[in-house]
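The exercises below are meant to be worked with the model open beside the text. Each begins with a task and continues with a solution in steps.

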Amino acid sequence: MTVPPAFSPLLIPVPYRVVDKVREDGGGDDVTSLHVVPVEGDLPPFLPAQVSMLGAFGVGEAAISVSSAVDNRRFHAYTIRRAGPITGALVDTPIGGVITVRGPFGTPWPLDEVATSQLLIVGGGLGIAPLRAVIEQAIAESHRFDRIVVVYGARSPEAMVYRDDLARWAGQGVEVALTVDAASPGWDGPVGVVPALLGGPVTMGWHEDVTAFVCGPDVMMHFTAQRLRELGTGAARIWLTTERNMQCGNALCGHCQLGPFIVCRDGPVVSYEQIERFHRVKGL
Amino acid sequence: MTTLTLEGLDALIAALDGLGYEVHGPRVSGGVIAPDRIASVDDLPLGWTDEQRGGHYRLRPRTDRARFGYAVGPRSWKEILHPARTPVWTMERTPPGDGTPVELRVRMHEPPVVARAFVGVRPCELAAIAKQDRVLARGPHPDPTYGANRAANVIVAVNCGDPAATCFCPSQGTGPRTGDGYDLALTELVGPADDEPRYVVEVGSQRGAELLGALPEGCLAEAPDDEASARAVTERAAAAITRTVEAEGIKELLYESLESDRWEAVAQRCLTCANCTLACPTCFCTDLEDVTDLTGDRADRWRVWDSCFSLAFSQLGPAPHRASAASRYRQWLVHKMGSWHDQFGESGCVGCGRCITWCPVGIDLTEELAALRQEAS
C-alpha cells in the first residue's frame, strides 16, 4: 500500500513558549507583543512581512506577522491587537505559557530588489507591525539609500505603538513623520490621514526614485497608493499587503482568496500594479 | 480495441475486489444515482435514468438494459477523495496549575490510505478529479492523504451517452468523451430490446492494461464495428448538449464585470444556501474547526467542507468581508470560471451542470455568464 508522504511542516502546529510580553500602545488601544521561542529546537528564519498562524489552545488560530528584526535570534515577536476570542486568548497567554505556531510563510517586502535611492515606508495603525522588521533591515543596509522615510499614522497619540523604536529610528538617520486622526493634549504633530502628509510635509523626488512599502487598513492603503500614483510613483514601485480570512496557510482551504490571489501563497506582499484593479472593489 | 460483455464488466469488478480494491460505482440510493460500494453489476442502476433541469432532478424508469443510462447525480467522487469531515490533529495540554510548566503535545492524524477502484466515473468527473489533484496534491504544500489515496486509485471511466439538459461539458472541453487520466474507459453500447449492453474499452494506463489482460477469456466479445458504434454514442451525446459557455476571454470578462449590477440581480434570487458548492465536484474549500473535550485539556482539529456562500467564510476581524449575497455569488462564479485560471492555470468548471440542477431556485451560471457578456458588449 502507498505510504502517505510526510506532512508539510506548515500543517503541523509547533509549540512555542511565551518568554516575554510587551504592552506596545500608550493606553489608546490594546496591543501586546508576545516574545516567543520554540519549546524544542531553534527559531526558524523568516523574512520581513511573513506571517504565522498563531494558535491558542482549544480556541483557534490567527494570522499574525513576525514583527521582530530578522537578525534577532533570541525570540520572535508577534504584535497582536485584542480583537476577538482568538487574539484575546493569545495576548492573555501568561509568560511561561505555550502557544502554537505554523510558519512563518508568505511573500516578503522585496527590499533586496529595491533599486531606488529613496525608500518610503508607510504604516497605518497596526500596519506598522509587519513593517518593523523591514525598517530595521533598511537601517542595517542604509548605505543603499539616500533617504529612508517612515510615515506612520494612528488613531490617536495613545494608540501609537513602538514608541521607543520610532525614537531610535529617528536617531539612526530615518526621517520619521507621524500623524494622528484625532489629537490629544500634548500632541503637536499633524492631525489627519496618512495620504495627506504625502507631497506636503513629506516631500520626495516622487517621479523617478521612490519605492514605497505600505501596510495598514485596506482603505488607508487604497488612498495612500492613489496619492502616490498622483505624485507620479509607478504602480510597480508601490508594494502593499493583502489580508483575508487565512486559515490553513497552505493554499488548500480557499479562505484567503482576493481575486486572483491566494493570500497565504501569493501574499501578503503584492505590488500595486498586480492588485490595483481588484483593490478598489468592495467585498471582493 | 476490446469489447467487454456485461459478464466481462462483472469479472472486472470481481477482479478489482480480488486485488484488494474497495470498489465504488453508481447505485440508486435516496432517490438519486450516486457513488457507493458495489459488489457486482447487479448493483448498477439498471432501469433508471435521470431527468434534470434548473432546480429539478428526478429518477425516471427506462426500459432498456443500460447500466450507465444517466448523466450525473448530486454526489460526486470528491466525497470519497476529499471527505466532508477529516481529523487533522489532536493536541493535549498538561493541566495548568500544578506548578509545572504547561506543555502541549501535538499528534497529527494520518487518515488511512485506501486503495479504491471507481467504476463509472464520467468524463466531466474525471476532469473534476484532475482539477482537485492540482489544488490538493500539486500545490506548494500538498495534502498528503489526498495524494496517497489518489496514487492508489484505479479509475474505470464510462463515457457519456445520456447527457442531461443541464450539461455543458463540451464548452469546458471535458466530455462527453474522456481525454485522459483513466486506467480504463468504457463506452456502453446498449443493445435493442432485452439484449444486455456491451462495453467498448480503451486502455489508459499500464495498470489498466494489466487489469484487462487478466480477465478470463469469455469476457471479451469483439464486433467489427464496435469502435465506430462507441464513437457514435459520444457523438450523439455531444449533439444532444445545447447549453454552452463562451470560454474565450471569460476571465477578463469576469474581472471587467466585478462591479456589474448583474450580481445584485442574481442576489435577488440566490438563497446563499451553498448547495452549488456542495454539489460541485471541484469546490474544495474547507474550514478548520477546533473542538475541546470536557476536561479542557484536549483539543481536536477537524477539517470540514466549507462554502464561500457562508458568512463566516470571509470573517475578517469583527465582521464578514463578503457581507452581501451579491459579493458571495460573485466570489463563487468569478473564482470558478475566472480567477481559478490565475490561481491554478485552468478553469475551475467541468460543465457537469450540478450547480444548475441542485440550485433550489434554478440559478443557471451559463445564463448569468451570457448576461454578463451581453452587458459588456
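## Exercise 1: Strand pairing at the start of chain A

Task: starting from A:Tyr16, find its bridge partner in E6(A), and then trace which strands are joined to strand E1 of chain A.

Solution. The residue that forms a bridge with A:Tyr16 in E6(A) is A:Ile99. Helices (H or I, at least four residues) and strands (E, at least two) are DSSP runs, numbered from the N terminus. Stepping out from this pair, strand E1 (residues 14–23) and strand E6 (residues 98–105) of chain A run antiparallel and are joined by four bridges. Two strands are said to pair if DSSP finds at least two bridges between them. E1(A) is also joined, by seven bridges and again antiparallel, to strand E2 (residues 31–38) of chain A, where A:Thr32 in E2(A) is the bridge partner of A:Arg23.

Before going further, note that this is a predicted model, in which local features need pLDDT of at least 70, side-chain atom pairs count only at pLDDT 80 or more, and totals for chains, interfaces and linings use all residues. Residues are numbered from 1 along each chain as its sequence is written, while chains are lettered from A and ligands numbered from 1 in the order in which they are written.

## Exercise 2: The six-stranded sheet of chain A

Task: give the strand order of the open sheet of six strands in chain A, and explain why one side of each edge strand is left without a neighbour.

Solution. The order is E9-E8-E7-E10-E11-E14 (chain A), and the pairing is mixed. At the edges stand strand E9 (175–180) and strand E14 (269–271) of chain A, and because each has a single partner strand, one side of each lacks a neighbour in the sheet. From one strand to the next the twist averages 20°, where axes are lines fitted to C-alpha atoms, for helices over the stretch in contact, and angles run from 0 to 180 degrees between N-to-C directions.

Within this sheet, strand E10 (residues 210–215) and strand E11 (residues 238–241) of chain A run parallel and are joined by three bridges, with A:Phe213 opposite A:Trp239 in E11(A). Helix H2 (residues 129–140) of chain A lies across strand E7 (118–124), strand E8 (147–154), E10 and E11 of chain A, and runs at about 160° to E7(A).

## Exercise 3: The two domains of chain B

Task: state where chain B is divided, and how many residues of each domain are in contact with the other.

Solution. Domain 1 of chain B covers 2–240 and domain 2 covers 250–376, with bounds that come from an automatic or database domain assignment. Their centres, taken over C-alpha atoms, are separated by 25 Å. Across the boundary, 38 residues of domain 1 of chain B are in contact with 33 residues of domain 2 of chain B, contact meaning that the C-beta atoms, placed from the backbone, lie within 7 Å. On the side of domain 1 of chain B that touches domain 2, the elements giving two or more residues are strand E5 (56–61), E6, helix H3 (123–137) and helix H5 (169–172) of chain B.

## Exercise 4: Where chain B meets chain A

Task: describe the side of chain B that touches chain A, and relate it to the open sheet of four strands in chain B.

Solution. In total, 51 residues of chain B are in contact with 42 residues of chain A. The elements of chain B that give two or more residues to this side include strand E6 (85–93), strand E7 (104–108), strand E12 (286–292) and helix H11 (325–344). By class, this side of chain B has 26 nonpolar, 16 polar and nine charged residues; Ala, Val, Leu, Ile, Met, Phe, Trp, Tyr, Cys and Pro count as nonpolar, Asp, Glu, Lys and Arg as charged, and the others, Gly among them, as polar.

The open sheet of four strands has the order E7-E6-E13-E12 (chain B), with antiparallel pairing, and its edge strands are E7 and E12 of chain B, each of which pairs on one side only. Seven bridges link E6(B) to strand E13 (residues 298–305) of chain B in the antiparallel sense, and B:Asp300 in E13(B) is the bridge partner of B:Thr90.

As a last step, consider the confidence scores: the model has ipTM 0.93 and pTM 0.95. The mean pLDDT of chain B is 95, and 99% of its residues reach 70 or more, pLDDT being the predictor's confidence in each residue, from 0 to 100.
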